[in-house]
Amino acid sequence: MTGKTHLIGGVVACQAADIFLFQNEGQFSYYAAGLIGALIPDICHTHSKIGRRLPVLSKVVSTLFGHRTFTHSLLFLLLINLVFLYFFPEQEGLRMGFLIGMISHYVLDALTVRGIRLLYPANFRFRLARLRTGGVVESILLGLFVLTICFLYIGYQ
């Protein structure tokens with residue numbers, strides 16, 4: 001999926017979790033963390049939104065692991081969770097926003113032809129569908145996300 005789709009998907013996922021799980025307690029920092037979390041798995045891709053912002057780190061991660069492997073796995077999700085728990089134990093909102101954003105990224109990339117290696121280092125590719133990144137279906141999906149944000153925002157009110 002494209003960066004725009006991941007950003008919108010991260011916001012939708014955070015807003016849905018905020019409404020249905022956290023009783024509308026999400027603050028700006030929660031949503032900001034969700035946006036970053038929605039992009040961070042693509043640090044392994046040097047031409048991604050996050051990869052272009054952090055080119056040295058992106059190149060290192062890409063060289064070590066390749067695209068959609070470690071940074072798209074449950075192992076990476078667990079590692080990020082542990083980093084937050086150890087270094088930022090008081091920042092529950094940031095941790096949850098970041099993790100929800102990452103999970104939304106995983107789900108969206110699992111909809112693509114390439115899928116993700118959710119159980120990395122196992123070689124199994126997890127796919128929910130076979131959409132093309134940047135294709136017509138993704139554009140329709142992006143529009144549906146925008147409608148979902150509007151719907152959730154109205155429900156939030």
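Phe20 counts as exposed, since its relative accessibility is 59%, over the 50% that the term requires. Phe20 belongs to helix α1, and in this predicted model that helix is a good place to start. Look back along the chain from Phe20 to Ile8: the two are twelve residues apart in sequence, and their C-alpha atoms are separated by 18 Å.

How far should the whole of helix α1 span? It runs over residues 3–20, and at 1.5 Å a residue its 18 residues should cover 26 Å; the C-alpha atoms at its ends are 25 Å apart, so the model agrees with the expectation.

Now for what α1 hides and what it shows. The buried residues of this helix are Gly3, Thr5, His6, Ile8, Gly9, Gly10, Val12, Cys14, Gln15, Ala17, Asp18 and Ile19. Lys4 also sits in helix α1, but this residue is exposed because its relative accessible area is 56%, and the cut-off for exposed is over 50%. Lys4 also lets you jump a long way down the sequence: Ser139 is 135 residues away along the chain, yet the C-alpha atoms of the pair are separated by 10.0 Å.

Helix α1 turns up again in the largest pocket, which has a volume of about 220 Å³. Two elements, α1 and α3 (49–53), each give two or more residues to its lining. There are 16 lining residues, and those lying nearest the centre are Met1, Gly3, Asp42, His45 and Ser48. Which element gives the most to this lining? That is α3, with three residues. Sorted by class, the lining comes out as eight polar, five charged and three nonpolar residues.

One of those residues nearest the pocket centre, His45, leads on to Ser58, because His45 is among the residues Ser58 touches. The others are Ile43, Cys44, Thr46 and Gly51, once residues up to four places away in sequence are set aside. Ser58 itself lies in helix α4, residues 55–65. Is Ser58 buried or exposed? It counts as buried, because its relative accessibility is 0%.

Next, the nonpolar interior. The largest nonpolar core has 20 residues, and the members that touch the most others are Ile40, Phe76, Ile80, Phe98, Met102 and Tyr106. Three elements give two or more residues to this core: α2 (28–39), α5 (74–87) and α6 (92–110). Its largest share comes from α6, with five residues. Phe98 makes a handy guide here: beyond its neighbours within four places in sequence, it is in contact with Ala33, Gly34, Ile36, Gly37, Ile40, Ile80 and Phe84. Apart from this core lies another, of ten residues, including Ile19, Leu108, Leu141 and Leu152. Ile19 is also one of the buried residues of α1.

Back in the largest core, Ile40 is worth a stop. This residue is in the loop between α2 and α3. Ile40 counts as buried because its relative accessibility is 15%, with the limit for buried at under 20%. Leaving out neighbours within four places in sequence, Ile40 is in contact with Ile50, Phe76, Phe98 and Met102. Phe28 is twelve residues from Ile40 along the chain, and 18 Å separates their C-alpha atoms.

The loops hold a couple of backbone features to check. Most residues other than glycine have a negative phi, and most peptide bonds are trans. Against that background, Arg68 has a positive phi, near 55 degrees, although it is not a glycine. You'll find Arg68 in the loop between α4 and α5, where it is buried, with a relative accessible area of 5%. The other feature is the peptide bond from Tyr120 to Pro121, which is cis, with omega near 15 degrees. Pro121 is in the loop between α6 and α7.

Gly115 is found in that loop between α6 and α7 too, with α7 covering 136–156. What does Gly115 contact, aside from its neighbours within four places in sequence? The list is Arg68, Asp109, Ala110, Arg125, Phe126 and Arg127, which brings us back to the residue with the positive phi. Gly115 is buried, with a relative accessible area of 0%. Thr148, 33 residues from Gly115 in sequence, is 24 Å from it in space, C-alpha to C-alpha.

Note on methods:
Residues are numbered from 1 along each chain as its sequence is written. This is a predicted model: local features need pLDDT of at least 70, side-chain atom pairs count only at pLDDT 80 or more; totals for chains, interfaces and linings use all residues. Side-chain values use heavy atoms; hydrogens and water are left out. Helices (H or I, at least four residues) and strands (E, at least two) are DSSP runs, numbered from the N terminus. The expected span of a helix is 1.5 Å times one less than its number of residues. Buried means under 20% relative accessible area, exposed over 50%, partly exposed in between (1.4 Å probe, protein chains only). On a 1 Å grid over the protein atoms alone, a cavity is a set of points where a 1.4 Å probe fits but cannot get out, and a pocket is an open set with protein on both sides within 12 Å along at least five of seven lines; lining residues have an atom within 4 Å of a point. Grid points are joined across faces, edges and corners, and a volume is the space filled by probe spheres set on the points. Ala, Val, Leu, Ile, Met, Phe, Trp, Tyr, Cys and Pro count as nonpolar, Asp, Glu, Lys and Arg as charged, and the others, Gly among them, as polar. A nonpolar core is a set of buried Ala, Val, Leu, Ile, Met, Phe, Trp, Tyr and Cys residues joined through side-chain atoms within 4.5 Å. Contact means heavy atoms within 4.5 Å.
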